[in-house]
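Thank you all for coming; I would like to walk you through a structure that is new to most of us, beginning with how its two parts meet. Please have a look at it first, and then I will go on.

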2 protein chains.
Amino acid sequence: MTTKTYGQYCGVARALELVGERWALLIVRDLLVGPKRYTDLRAGLPKIPTNVLATRLKELESAGLVERRVQPRPSGAVVYELTPYGLDLESVVLALGRWGARSLGELRPGEIATPDSLVMALRSTYHPPKRGTGKLAYELRFGDIVIHATCSGQTLTVEPGPFPEPAPSGMVVVEAMASLTPLLTGAIDGAKARASGIVGKQASAADLDLFATVFRIE
Amino acid sequence: MTTKTYGQYCGVARALELVGERWALLIVRDLLVGPKRYTDLRAGLPKIPTNVLATRLKELESAGLVERRVQPRPSGAVVYELTPYGLDLESVVLALGRWGARSLGELRPGEIATPDSLVMALRSTYHPPKRGTGKLAYELRFGDIVIHATCSGQTLTVEPGPFPEPAPSGMVVVEAMASLTPLLTGAIDGAKARASGIVGKQASAADLDLFATVFRIE
DNA sequence: CTGGATCCACACAGATACTG
DNA sequence: CAGTATCTGTGTGGATCCAG
């Protein structure tokens, strides 16, 4: 958001004036996963110049999308959190991520994945299973990055990190092999990932198929 | 799309590298209404510098979102048209427009509305009527700007300009008074617009109510 | 007239160093 | 930890000019 406007009385133009600048929607993407500290945002966006991050946060705050909160002592930590209006950007970020994931090829040199970006990617590909699958629990692993998801019906939760103990029984562990692409594009299959069961369940190819049905593009 | 990347293997980041630069999504917005010539795009985006428009079009073309076509003689006109991948940005533009429309206040000085922006705004607020309303036809007028829409069930068409002759019977004319805001935000009522029937129908407040139900935010 | 290209001034992004 | 300060380069805005 700058002094420069598009001069159009239009929702799209107004939205771009609020979140159209470089890095803004990526900051929102990470905040959609949960409130974060300044340092956490830097960790999730390693290539953002620190002055740009500071500027964006001020702009998003004065636009009413982000709230800067100082935690009570003793922590005294500064936390950035989306306001309700900021949270409503989820549909935008998900639509954008769905569209952009289609042109994700292989990992390019210097390119990284982050837990938060994976969380939003998974949220963007969710298709509620038709019926009778009950509650599903997945733990996704790619290298050091681990996220977990549970879903039943319309309700989906995806969060960074492994399941807190005790892990839900019936949880299926999905490990992406060699490439994240299939996970982000929904083109997952046995050659690209494997499912291993934990906690009283033996995972099978059928589990991976179900996963690929629930999380897919379009 | 520049040489600058976000360095993230993420659909959102990739999307922003493709259409995240200034003016890009507004060009896409106008092209979603239909193929356009260079001059038409300039007319719809009066404040875009001509070199920026030319640059964006090249970028969008090399990204595979836009196709530049030269019409056969005698016209020989240059036309820019969205590719299928570019057309898939409609969900993104609609989501962005819905979100941004909520912070549209009154028309600001120097701000204009265009037929294309109104067309996309109306598309973004469509809620298919539950049942039994049959086919609805509206002609919307605000100052010089006229667009028309028909809808029945899931199918919606909104296009710039008045209905071609002969106008559909039962068409309702909705005239925004003094302000476009209610049209774009769905907060329309009798104080802000009026419905007048044409072609064998006498429009009533009920017609305006139905309109406000079919086209509204969230 | 359409469909741009060229030029310049400047605001903003990127990179790095520094600070309460 | 949470930023600020400073410098540099590039993208953007604005105006003008040009070829078919």
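Let me start with the interface, where the area buried between chain B and chain A is about 4,900 Å², with carbon and sulfur atoms giving 62% of it; buried area here is the accessible area, taken with a 1.4 Å probe, that two parts lose on being put together, summed over both. Tyr6(B), Tyr9(B) and Trp99(B) supply 21% of the area that chain B buries against chain A, which is more than any other three residues. In terms of contact, meaning heavy atoms within 4.5 Å, 55 residues of chain B touch 55 residues of chain A.

Before going further, I should say that this is a predicted model, in which local features need pLDDT of at least 70 and side-chain atom pairs count only at pLDDT 80 or more, while totals for chains, interfaces and linings use all residues. Residues are numbered from 1 along each chain as its sequence is written, chains are lettered from A and ligands numbered from 1 in the order in which they are written, and side-chain values use heavy atoms, with hydrogens and water left out.

Trp99(B) comes up again in the interior, as one of the residues with the most contacts inside the largest nonpolar core, together with Ile27(A), Trp99(A) and Ile27(B), and that core has 124 residues. By a nonpolar core I mean a set of buried Ala, Val, Leu, Ile, Met, Phe, Trp, Tyr and Cys residues joined through side-chain atoms within 4.5 Å, where buried is under 20% relative accessible area, exposed is over 50%, and partly exposed is in between, with a 1.4 Å probe and protein chains only. Apart from the largest core lies another, of 5 residues, among them Phe163(A) and Met171(A). If we leave aside neighbours within four places in sequence, Ile27(B) is in contact with residues including Leu41(B), Ile48(B) and Arg56(B).

Next, the empty space: a search of the whole structure finds 3 cavities of 30 Å³ or more, and about 150 Å³ lies in the largest. A cavity is, on a 1 Å grid over the protein atoms alone, a set of points where a 1.4 Å probe fits but cannot get out, and lining residues have an atom within 4 Å of a point; the points are joined across faces, edges and corners, and the volume is the space filled by probe spheres set on them. Of the 20 residues that line the largest cavity, the closest to its centre are Val19(A), Gly20(A), Leu25(A), Leu16(B) and Gly20(B).

Finally, some backbone details. Which residue has a positive phi of about 80° although it is not a glycine? That is Trp23(A), placed in the loop between α1 and α2 of chain A, and helices here are DSSP runs of H or I with at least four residues, strands being runs of E with at least two, numbered from the N terminus. Trp23(A) is buried, at a relative accessible area of 6%. In chain B, Trp23(B) likewise has a positive phi, near 80°, and is buried, with 5%.

The peptide bond from Glu165(A) to Pro166(A) is cis, with omega near -5°, and Pro166(A) lies in the loop between β5 (155–160) and β6 (172–176) of chain A. For chain B, the bond from Glu165(B) to Pro166(B) is also cis, with omega near -5°.

Methods. 1 Å grid on protein atoms, 1.4 Å probe; cavity = no way out; pocket = protein on both sides within 12 Å on 5 of 7 lines; lining within 4 Å.
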